[in-house]
Amino acid sequence: GNDHPLALHQDDTGMLWVGTRNGGASNWNPRSWALGHARYGTLDGSMITSFATVPSGLWIGTMGRGLFYKAADTSPLTSLDDVFDQKIGIANAMSMLVDNSGLLWVGTMTAGVYVLDLEQRTVSNYRANAEDAQPGLRSNGIMSIMQHPDGRVWVGTFGGGISIIDH
């Protein structure tokens with residue numbers, strides 16, 4: 001139920017976000033000790049798998065529903081496809097990273113890594129053994145993404161070990 005956390009994330013304001021198996025997202029404010037369920041009808045019943053903070057708000061990754069953007073104000077959630085005004089096709093976001101240059105990296109369950117330039121509205125895709133994608137992955141199942149201080153991105157894969165991408 002709702003008590004199965006899958007993702008934890010602390011945003012730039014100090015708010016702790018918790019993604020659950022089928023209860024959507026909750027947040028905890030350490031300054032006020034207030035715990036609340038982030039009520040977004042779009043996410044009710046969704047499996048929340050990842051979060052990423054950008055200066056203007058928060059990206060929320062789901063299993064099967066794609067990515068959603070929550071602006072820092074009280075605006076409703078916006079899907080990735082609506083933000084980009086095109087079909088991006090990311091359904092299962094397993095992990096996310098905002099790198100030092102502001103690019104949003106999204107690790108997926110079966111489609112490798114997408115790199116989104118949120119300002120230019122461009123998309124790159126890294127996949128294992130795919131002619132139409134950037135090279136660099138040993139598996140398309142992505143479990144974690146971290147950036148090394150030298151700027152390279154380390155990608156933890158399911159079944160393929162660690163891949164290192166110099167983007």
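Modeller: Ala, Val, Leu, Ile, Met, Phe, Trp, Tyr, Cys and Pro count as nonpolar, Asp, Glu, Lys and Arg as charged, and the others, Gly among them, as polar. By that division, the lining of the largest pocket in this predicted model has eight nonpolar, four polar and three charged residues. Residues are numbered from 1 along each chain as its sequence is written, and side-chain values use heavy atoms, with hydrogens and water left out. Because the model is predicted, local features need pLDDT of at least 70 and side-chain atom pairs count only at pLDDT 80 or more, while totals for chains, interfaces and linings use all residues.

Colleague: What makes a residue part of the lining of the largest pocket?

Modeller: A pocket is an open set of points on a 1 Å grid over the protein atoms alone, with protein on both sides within 12 Å along at least five of seven lines, and a lining residue has an atom within 4 Å of a point. Here 15 residues line the largest pocket, and V54, S56, G102, L118 and E119 lie nearest its centre.

Colleague: Why is the pair of W17 and F51 called tilted?

Modeller: Rings of Phe, Tyr and Trp (its six-membered ring) pair if their centres lie within 6.5 Å, and planes under 30 degrees apart count as stacked, over 60 as edge-to-face and the rest as tilted. The structure holds three aromatic pairs; in that of W17 and F51 the centres are 6.1 Å apart and the planes make 40°, so the pair is tilted. W17 lies in strand β2 and F51 in strand β5 (strands are DSSP runs of E, at least two residues, numbered from the N terminus), so this pair ties together parts that are 34 residues apart in sequence.

Colleague: And why is the pair of W105 and Y126 called stacked?

Modeller: Its centres are 6.0 Å apart and its planes are at 10°, which is under 30 degrees, so the pair is stacked. W105 in strand β10 and Y126 in strand β12 are 21 residues apart in sequence, so here too the pair ties separate parts together. Both W105 and Y126 are buried (under 20% relative accessible area, with a 1.4 Å probe and protein chains only).

Colleague: How do you know that R121 sits over the ring of F84?

Modeller: A charge sits over a ring if NZ of Lys or CZ of Arg is within 6 Å of the ring centre and within 35 degrees of the ring normal. R121 lies over the face of F84 at 5.5 Å from the ring centre, so the distance is inside the 6 Å limit.

Note on methods
Helices (H or I, at least four residues) and strands (E, at least two) are DSSP runs, numbered from the N terminus. Buried means under 20% relative accessible area, exposed over 50%, partly exposed in between (1.4 Å probe, protein chains only). On a 1 Å grid over the protein atoms alone, a cavity is a set of points where a 1.4 Å probe fits but cannot get out, and a pocket is an open set with protein on both sides within 12 Å along at least five of seven lines; lining residues have an atom within 4 Å of a point.
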